[in-house]
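Subject: Structure handover and notes

Hello,

Here is the structure for your files. My notes on it follow below.

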Amino acid sequence: MESSILNANTTPVLEQVVNFAQKRHSILATNIANQRVPGYKGRDLNLDRFQEVLAEAIEQKNHPNEEISPGVVTTKSGDPMREVRESLNGILFHDESNLDIEKQVAELTKNQVMHNMALTIMEDQFNLLNAAISERI
């Protein structure tokens, strides 16, 4: 029952945003650390592609295919967010140009804001759930 309560809201989506932000933060920090290494090519995770895959998973979860009978899963695991997790492996790209430290720091900052926002929303949801369980609402 607890699993269905947590999956009924935005927690799985926020979890994927946090995972993406953590991976991207690590890659951007590596770019900054290696900016003066000769021949180093900056890397990044494709934010647009991640948002596309996440939006598709949300759409699939909110509007499952009506032609399929209830109880029949449409994804490998029945979890649209699994496809989002699996897509992270294929959206890494390499930058052929020189690294721009200002751009890397700006991207790192935007990524940190996205990460913190997702965690704050998730924390608020858990606090609401805890309050509902404690019957303090």
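Which of the 13 residues in the largest nonpolar core touch the most other members? Val17, Phe20, Phe50, Leu54, Met114 and Ala118 do. Helices H2, H3 and H5 each supply at least two residues of this core, and H2 gives the most, with 7 residues. In soluble globular proteins, nonpolar side chains tend to be buried together. Please keep in mind that this is a predicted model.

Overall layout

The protein chain has 5 helices and 2 strands. Read from the N terminus, its elements follow the order α-α-β-α-α-β-α. Of its 137 residues, 27% count as buried. Among contacts in the chain with a separation of 6 or more, 77% are between residues 24 or more positions apart.

The aromatic pair

There is 1 aromatic pair in the structure. The ring centres of Phe20 and Phe50 are 4.1 Å apart and the ring planes are at 10 degrees, so the pair counts as stacked, the cut-off being under 30 degrees. Phe20 belongs to H2 (residues 11-33) and Phe50 to H3 (residues 47-62), so the pair ties together parts that are 30 residues apart in sequence. Both Phe20 and Phe50 are buried, and both are listed above among the core residues that touch the most other members.

Helix H3

The 16 residues of H3 should span 22 Å at 1.5 Å a residue, and the end C-alpha atoms are 22 Å apart, which agrees. Where do the buried residues of H3 sit around the axis? The residues concerned are Phe50, Val53, Leu54 and Ala57. They cover an arc of only 100 degrees, which puts them on the same side of H3. Asp48, Glu56 and Asn62, on the other side of H3, are exposed.

Two details of H3 are worth adding. At the start of the helix, a side-chain oxygen of Asn46 comes to within 3.1 Å of the backbone nitrogen of Asp48. Further along H3 is Ala57, which counts as buried because its relative accessibility is 2%, where the cut-off is under 20%. Ala57 and Val13 are 44 residues apart in sequence, and their C-alpha atoms are 8.9 Å apart in space.

Helix H5

The same check of span works for H5: its 33 residues should cover 48 Å at 1.5 Å a residue, and the end C-alpha atoms are 48 Å apart, which agrees. The buried residues of H5 are Gln104, Glu107, Leu108, Asn111, Met114, His115, Ala118, Met122, Gln125 and Ala131. They pack against H2 and H3.

Two of these residues can be followed individually. Leaving out residues up to four places away in sequence, Met114 touches Val17, Phe20, Ala21 and Leu47. Asn111 lies in H5 (residues 101-133) and, at 2% relative accessibility, counts as buried. With the same exclusion of residues up to four places away, Asn111 touches Ala21, Arg24, His25 and Leu28. After H5 comes Glu135, whose phi is positive, near 60 degrees.

Arg24, Asp44 and Gln22

Arg24, one of the residues touched by Asn111, also has a polar contact of 2.7 Å between its side chain and that of Asp44. Asp44 is in strand S1 (residues 43-45) and counts as buried, with 13% relative accessibility.

Is Gln22 buried, partly exposed or exposed? Gln22, a residue of H2, is partly exposed, since its relative accessible area is 44%, which falls between the 20% and 50% cut-offs. Gln22 and His115 are 93 residues apart in sequence and 7.4 Å apart in space, C-alpha to C-alpha. His115 is one of the buried residues of H5.

In brief

The largest nonpolar core draws at least two residues from each of H2, H3 and H5. The stacked pair of Phe20 and Phe50 links H2 with H3, and the buried residues of H5 pack against H2 and H3. The side chains of Asp44 and Arg24 are joined by a polar contact.

Regards

How values were computed: Residues are numbered from 1 along each chain as its sequence is written. This is a predicted model: local features need pLDDT of at least 70, side-chain atom pairs count only at pLDDT 80 or more; totals for chains, interfaces and linings use all residues. Side-chain values use heavy atoms; hydrogens and water are left out. Rings of Phe, Tyr and Trp (its six-membered ring) pair if their centres lie within 6.5 Å; planes under 30 degrees apart count as stacked, over 60 as edge-to-face and the rest as tilted. Helices (H or I, at least four residues) and strands (E, at least two) are DSSP runs, numbered from the N terminus. Buried means under 20% relative accessible area, exposed over 50%, partly exposed in between (1.4 Å probe, protein chains only). A polar contact is a pair of N or O atoms within 3.5 Å; within protein, one must be able to donate a hydrogen and the other to accept it, and residues adjacent in sequence count only if both atoms are side-chain atoms. Contact means heavy atoms within 4.5 Å. A nonpolar core is a set of buried Ala, Val, Leu, Ile, Met, Phe, Trp, Tyr and Cys residues joined through side-chain atoms within 4.5 Å. The expected span of a helix is 1.5 Å times one less than its number of residues. The arc is that of the directions from the helix axis to the C-beta atoms.
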